[in-house]
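Colleague: Hey, got a minute? I'd like to go through the aromatic rings in this one with you.

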Amino acid sequence: SRPMLTEIVAPEYWASAFAWAWLANFFFAAMFGAPVVGYLAEHVSGYRPTRLLVEQMPDELRESNRQALSSSIARCCTGYLILCLCFSSLLHFTYRHDANDEEDACHAE
């Protein structure tokens with residue numbers, strides 16, 4: 001996304017544009033990543049909470065919880081990548097116009 005931002009944003013606004021892009025990416029991941037993985041693990045994948053230490057857990061419980069967590073992480077990553085693909089695909093309709101507007105603005109100066 002950074003190379004595209006440099007083509008559609010005036011150079012004096014690059015730092016702000018990069019900061020907003022970084023914020024959007026990492027803020028939402030930090031705020032919603034772990035809670036969504038935990039919710040999916042417990043309510044969709046069958047994670048069973050326990051107060052036992054990992055060493056004390058029966059092998060069957062440890063393995064089922066491992067599978068629940070790994071499948072929930074995979075679901076979240078896949079969902080995130082699908083959303084990125086959908087939103088990035090929207091650039092097909094706007095990118096050329098935005099790049100041309102930026103180029104016109106640079107030539108006007």
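Modeller: Sure, let's talk about ring pairs first and then the surface; keep in mind that this is a predicted model.

Colleague: How do people describe a ring pair anyway?

Modeller: A pair of aromatic rings is described by the distance of the centres and the angle of the planes.

Colleague: OK, how many aromatic pairs are there here?

Modeller: The count comes to three. Take Trp22 and Phe26: their ring centres are 5.2 Å apart and their planes sit at 40°, so that pair is tilted. Tilted is what you call an angle that is neither under 30 degrees nor over 60.

Colleague: Where do Trp22 and Phe26 lie?

Modeller: Both are in helix H2, which covers residues 14-43. They are four residues apart, or about one turn of the helix.

Colleague: And what sort of pair do Phe27 and Phe28 form?

Modeller: An edge-to-face one, with 5.3 Å from centre to centre and 75° between the planes. Phe27 and Phe28 also belong to one aromatic cluster together with Phe32. Phe28 lies in helix H2.

Colleague: Switching topic: is Trp22 buried or exposed?

Modeller: Trp22 counts as exposed, because its relative accessibility is 51% and the cut-off is over 50%. Phe26, at 42%, is partly exposed. Phe27 is partly exposed too, with 40%, and Phe28 gets that label with 46%.

Colleague: Which residues form the nonpolar patch on the surface?

Modeller: Trp20, Trp22, Leu23, Phe26, Phe27, Phe28, Met31, Phe32 and Val36. Together they have about 970 Å² of accessible area.

Key:
Residues are numbered from 1 along each chain as its sequence is written. This is a predicted model: local features need pLDDT of at least 70, side-chain atom pairs count only at pLDDT 80 or more; totals for chains, interfaces and linings use all residues. Side-chain values use heavy atoms; hydrogens and water are left out. Rings of Phe, Tyr and Trp (its six-membered ring) pair if their centres lie within 6.5 Å; planes under 30 degrees apart count as stacked, over 60 as edge-to-face and the rest as tilted. Helices (H or I, at least four residues) and strands (E, at least two) are DSSP runs, numbered from the N terminus. Buried means under 20% relative accessible area, exposed over 50%, partly exposed in between (1.4 Å probe, protein chains only). Patches are made of residues with over 30% relative accessible area and no salt bridge: like charges are joined within 9 Å, nonpolar side chains (Val, Leu, Ile, Met, Phe, Trp, Tyr) within 5 Å. Accessible areas come from the Shrake-Rupley method with a 1.4 Å probe; for residues, only the protein chains shown count as cover. A salt bridge is a side-chain nitrogen of Lys or Arg within 4 Å of a carboxyl oxygen of Asp or Glu.
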